[in-house]
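Student: I'd like a close look at one part of this model: the largest pocket, and how its surroundings are put together. Please keep it informal, but give me the cut-offs as we go.

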Amino acid sequence: MVESKAWDWKIVKNKQEQTWLEPSIESYYLIDRWQKQCKKDFLDLGCGLGRHTIQFAKAGFNTAGFDLSEESIRRTAEYAKAEKLDIALKVGDMLELPYPDASFDCILCRNVISHTDTAGMRQIVEELKRVLRPEGECYLTLGSKETWGFKQDWPVVDENTKIRIEDGPENGIPHFYADYDLIQELFKDFKIELVYQLEDFYEKDGKTLNSWHYHLLIKK
Ligand SMILES: C[S@@+](CC[C@H](N)C(=O)[O-])C[C@H]1O[C@@H](n2cnc3c(N)ncnc32)[C@H](O)[C@@H]1O
């Protein structure tokens with residue numbers, strides 16, 4: 001299995017940093033959905049700078065935040081302190097989540113679990129199954145094989161995985177790319193409530209780039 005590598009948050013500044021501090025669109029839907037389902041214990045898996053950790057804690061969820069990056073957990077702790085929120089934060093690798101079985105009602109892992117290879121992905125799916133309660137839900141995103149990254153001449157780990165080479169926070173980080181068939185196979189033990197593929201556009205060095213991600217809402 002390829003070695004896990006955290007984002008280098010220290011080099012994320014200005015407009016890029018702002019993007020990672022603003023909650024994603026679907027987070028508002030998830031808060032509403034999970035409040036209506038009376039879900040309480042929430043894990044922000046791969047919490048980054050804590051945008052969703054803080055948002056869900058403010059919405060009343062018992063919130064845990066987890067990331068491989070010490071800088072990420074330091075920044076999220078600082079943010080939680082400023083907001084006077086009590087949040088359980090841990091540094092660690094998603095391949096072995098440091099939580100007992102059936103710890104969470106709901107999990108968000110946005111732009112996180114693709115940071116591994118195919119063997120790692122299978123292990124993470126097992127970990128999600130283990131730490132979710134029965135009827136628990138998880139919203140996650142996966143890089144799509146349609147995206148430009150999968151077509152780059154980057155080092156190949158396996159048929160679904162490349163090591164990203166860039167002058168930025170993701171340099172040297174493994175990226176797993178999926179298609180619909182692979183998603184169905186990986187998540188066969190879950191009920192897939194929602195799956196869609198989104199193209200998003202962003203500006204980098206004066207150029208418009210696009211990327212494709214699958215978004216999934218799965219239920220145990
Ligand atoms: C693109 S950022 C997304 C952050 C956050 N989910 C958000 O939406 O703002 C990916 C995060 O996943 C973390 N990460 C990467 N590999 C990881 C691993 N093996 N275990 C835990 N976290 C990991 C990175 O350190 C980084 O903070």
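Tutor: First some vocabulary: a residue is buried under 20% relative accessible area, exposed over 50%, and partly exposed in between (1.4 Å probe, protein chains only). Keep in mind that this is a predicted model, where local features need pLDDT of at least 70 and side-chain atom pairs pLDDT 80 or more, while totals for chains, interfaces and linings use all residues. Residues are numbered from 1 along each chain as its sequence is written, and side-chain values use heavy atoms, with hydrogens and water left out.

Now the pocket. On a 1 Å grid over the protein atoms alone, a pocket is an open set of points with protein on both sides within 12 Å along at least five of seven lines, a cavity is a set where a 1.4 Å probe fits but cannot get out, and lining residues have an atom within 4 Å of a point. The largest pocket holds about 1500 Å³ of space (volume being what probe spheres on the points fill, with points joined across faces, edges and corners). Its lining takes in 48 residues, and those nearest the centre are Thr19, Trp20, Asn111, Asp200 and Tyr202. Two or more lining residues come from each of α1 (14-19), α2 (25-36), β5 (132-144), β8 (174-178), β9 (191-204) and β10 (207-219). These names come from DSSP runs numbered from the N terminus: helices are H or I, at least four residues, and strands are E, at least two. Strand β9 is the top contributor to the pocket lining, with eight residues. Sorted by class, the lining splits into 16 nonpolar, 16 polar and 16 charged residues (nonpolar is Ala, Val, Leu, Ile, Met, Phe, Trp, Tyr, Cys and Pro; charged is Asp, Glu, Lys and Arg; the others, Gly among them, are polar).

While you're looking at β9, find Leu194, which sits in that strand. Leu194 counts as partly exposed because its relative accessibility is 33%.

Next, follow α2 and β5, since a salt bridge (a Lys or Arg side-chain nitrogen within 4 Å of an Asp or Glu carboxyl oxygen) joins them. Arg33 and Glu137 make this contact through their side chains, at 2.8 Å from N to O. Arg33 belongs to helix α2 and Glu137 to strand β5, so the bridge ties together distant parts of the chain, 104 residues apart. Both partners are buried. The pair isn't on its own, either: Arg33 and Glu137 join Lys191, Glu193 and Lys219 in a network of salt bridges. Over the whole structure, the search turns up 19 salt bridges.

Two others are worth a click. Arg130 and Asp101 bridge at 3.0 Å, N to O. This pair also links distant parts of the chain, 29 residues apart: Arg130 is in helix α5 (residues 118-131), and Asp101 is in the loop between β3 (88-91) and β4 (104-109). Arg130 counts as partly exposed because it has 24% relative accessibility, whereas Asp101, at 54%, counts as exposed. Helix α5 also carries a bridge between Lys129 and Glu126, whose closest N and O atoms are 3.1 Å apart. Lys129 and Glu126 are three residues apart in α5, so about one helical turn separates them. With 44% relative accessibility, Glu126 counts as partly exposed.

Don't mix up the pocket with the enclosed space. The model has one cavity of 30 Å³ or more, and the largest cavity has a volume of about 380 Å³. It is lined by 25 residues, with Gly46, Asp67, Asn111, Val112 and His115 closest to its centre. The elements giving two or more residues to this lining are β1 (41-45), α3 (51-58) and β2 (62-67). By class, the cavity lining has twelve nonpolar, seven polar and six charged residues. Notice Asn111, which is named among the residues nearest the centre of the pocket and among those closest to the centre of the cavity.

Finally, a couple of backbone oddities. Most residues other than glycine have a negative phi. Asn14, in helix α1, has a positive phi near 50°, and at 64% relative accessibility it counts as exposed. Cys38 lies in the loop between α2 and β1. Phi of Cys38 is also positive, near 60°, and with 65% relative accessibility Cys38 counts as exposed.
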